Amino acid sequence: MLRYLRDPMGVMPKLAAKHGDPFTIPGKEPLVCTGDPEGIKAIYSADPMSLEPFNVDLAFILGPESLILIGGPEHRRKRKLMMPPFLGARMRAYGEAMRRLTRQHLADWEAGRMVSASATAQRISLDVILEAVFGVHDPQGRHELGQALLELVEGFSPLIAFIPALRRELGGIGPYASFRRRQRAVHARLDALVAQARREEPRDDILSLLVAARYEDGEPMTDDDIRAQLLLLVVAGHETTAISIAWALYALHRPENAEVLERLREELDTLGPEPEVDVLAKATYLDAVCNETLRRFPLAPAPAPRRLLAPLELMGYSLPAGVGVGAAIGVAHLREETYPEPLRFRPERFLERKFSPFELLPFGGGARRCLGAAMAAYEMRVVVGTIVGDLRLRLASLRPDPGKVRAANVGPAHGVKLVIEGRRTPGTS
Ligand code: HEM
């Protein structure tokens with residue numbers, strides 16, 4: 001754990017190089033990790049009923065109904081209901097909002113200013129969730145709900161997650177009491193939004209689609225259930241997408257990647273000054289840049305491990321029930337055999353060949369693959385394409401960023417500070 005905190009991106013490849021792949025992280029509950037496509041295939045192809053989440057107890061934060069905390073048939077049932085609003089074809093409906101919200105946050109990016117790509121990307125991705133998922137179109141309402149959600153997420157003390165005995169309100173004092181106050185405030189706002197969506201005509205946003213959705217037995221989702229899923233979508237969707245956008249801007253503005261930036265600008269310029277947002281989101285080189293970002297800077301070296309409920313054959317080893325298994329993205333994405341010169345940021349590799357879902361897995365895989373993958377991928381392309389197309393930027397510091405652990409994710413350590421050189425005129429560098 002200490003080595004992970006010191007070197008979040010490097011630790012897993014080093015363990016695999018030293019101990020071989022697969023390797024076991026010992027502990028009260030040993031965790032067998034693999035970055036080998038064959039091992040990853042064994043994990044993601046296993047019967048989903050034979051795996052369960054391997055989490056700290058987060059039910060008191062996210063709600064016991066939260067998709068990420070449940071397993072077995074209940075997970076399958078809920079996921080089936082929640083999936084349709086997140087399918088790729090629906091993303092076009094949110095694309096215009098993604099570009100508009102990006103431009104709103106760039107409005108005061110004037111030449112000479114220094115800005116943090118991480119902070120701006122966080123605000124953009126939160127606004128996108130509030131508008132596209134929650135259906136909050138009024139900027140003041142978005143601002144207030146955004147603040148309440150950030151206060152809840154950022155003000156959360158990990159101590160109360162790890163030490164259940166601390167979960168006492170103690171007459172309104174202490175971290176748990178403060179957490180509960182913020183949680184009640186957020187719940188009240190979310191409940192009001194759910195009630196409003198139930199009253200109104202069907203809308204385009206994901207909340208409205210969830211309100212209208214029915215399980216196979218004709219039952220709707222309860223208010224508690226919808227509230228838990230909304231909270232999960234903020235927690236799972238906002239920082240993750242923002243971190244990936246910030247890494248893309250970091251990599252593109254590194255001097256050693258100047259040719260990549262140039263090639264991307266050329267592609268964006270051929271699309272014209274105001275391309276259809278769907279044309280932007282599908283631009284070939286931009287797509288390669290975003291895939292290369294997700295490959296080179298995965299959000300976590302081995303996200304979302306599972307506990308085996310039945311034995312599993314993994315690369316010649318027979319693993320018994322009770323053992324944890326994890327697809328080590330941080331190893332898989334840096335394998336020399338799959339990605340020659342793995343530390344180089346080279347989007348061209350995605351133009352030269354296709355990678356299997358066991359070689360490229362930024363969104364995990366199997367029955368619990370990221371629900372928001374299509375939305376995150378679309379948003380990344382629209383936001384990065386808009387920023388790079390509109391502005392000339394440079395990194396404020398050329399010091400390499402080693403990444404830093406932030407709650408469940410690894411993000412840029414220094415916020416990716418950028419200096420704004422000016423607005424771009426298409427056709428110029
Ligand atoms: C670049 C951005 C993102 C990345 C890299 C990412 C990655 C991941 C990963 C690795 C998992 C775990 C998958 C597994 O267990 O195998 C996951 C789960 C999940 N993600 Fe994402 N995510 C991103 C954005 C989003 C967004 C925008 C949303 C929704 C608005 C979202 C919603 C979820 C949900 C609900 C789950 C749990 C799925 C389940 O347990 O069935 N994510 N994500």
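This is a short dialogue on reading a predicted model.

Reader: Let's begin at the start of the chain. Where is Met1 found?

Author: Keep in mind that the model is predicted. Met1 is in the segment before helix H1, which spans 2-6.

Reader: And is Met1 buried or exposed?

Author: The idea is to look at the relative accessible area: over 50% counts as exposed. Met1 has 73%, so it is exposed.

Reader: How far apart in space are Met1 and Leu67?

Author: Here you look at two separations, one along the chain and one through space. Met1 and Leu67 are 66 residues apart in sequence, and their C-alpha atoms are 27 Å apart.

Reader: Now for the inside. How do I look for empty space?

Author: Rolling a probe the size of a water molecule over the atoms shows where empty space is left. In this structure there is one cavity of 30 Å³ or more. The volume of the largest cavity is about 30 Å³.

Reader: Which residues line the largest cavity?

Author: Look for Trp109, Ala117, Thr120, Ala121, Ile124, Ile245, Leu249 and Ile387. Two elements, helix H7 (117-133) and helix H12 (223-252), give two or more residues each to that lining. H7 gives the most, with four residues.

Reader: How does the lining of the largest cavity divide by class?

Author: Sort the residues into nonpolar, polar and charged. For the largest cavity, you get seven nonpolar residues, one polar and no charged ones.

Reader: Let's move on to the ligand. Which residues come nearest?

Author: There are 24 residues around the ligand, and the nearest are His75, Arg79, Ala304, Arg306 and Cys370.

Reader: What about polar atoms? How close does the side chain of His75 get to an oxygen atom of the ligand?

Author: For this you check the distance between N or O atoms on the two sides. An N or O atom in the His75 side chain is 2.7 Å from a ligand oxygen. For the side chain of Arg79, the distance from an N or O atom to an oxygen of the ligand is 2.8 Å. Arg306 also has a polar side-chain atom 2.9 Å from a ligand oxygen.

Reader: Which element gives the most to the shell around the ligand?

Author: That's H12, with seven residues. Both H12 and helix H5 (72-82) supply at least two residues of the shell. You've met H12 already, in the lining of the largest cavity.

Reader: And how do the residues of that shell divide?

Author: Sort them as before: the shell around the ligand has 13 nonpolar, eight polar and three charged residues.

Terms used:
Residues numbered from 1 in each chain as written. Predicted model: local features only at pLDDT ≥ 70, side-chain atom pairs only at ≥ 80, totals over all residues. Heavy atoms only, no water. Buried < 20%, exposed > 50% of the residue type's maximum accessible area, 1.4 Å probe, protein only. 1 Å grid on protein atoms, 1.4 Å probe; cavity = no way out; pocket = protein on both sides within 12 Å on 5 of 7 lines; lining within 4 Å. Points joined across faces, edges and corners; volume = space filled by probe spheres on them. Nonpolar A, V, L, I, M, F, W, Y, C, P; charged D, E, K, R; others polar. Near = heavy atom within 4 Å. Polar contact = N/O pair within 3.5 Å; in protein donor to acceptor, adjacent residues only side chain to side chain.
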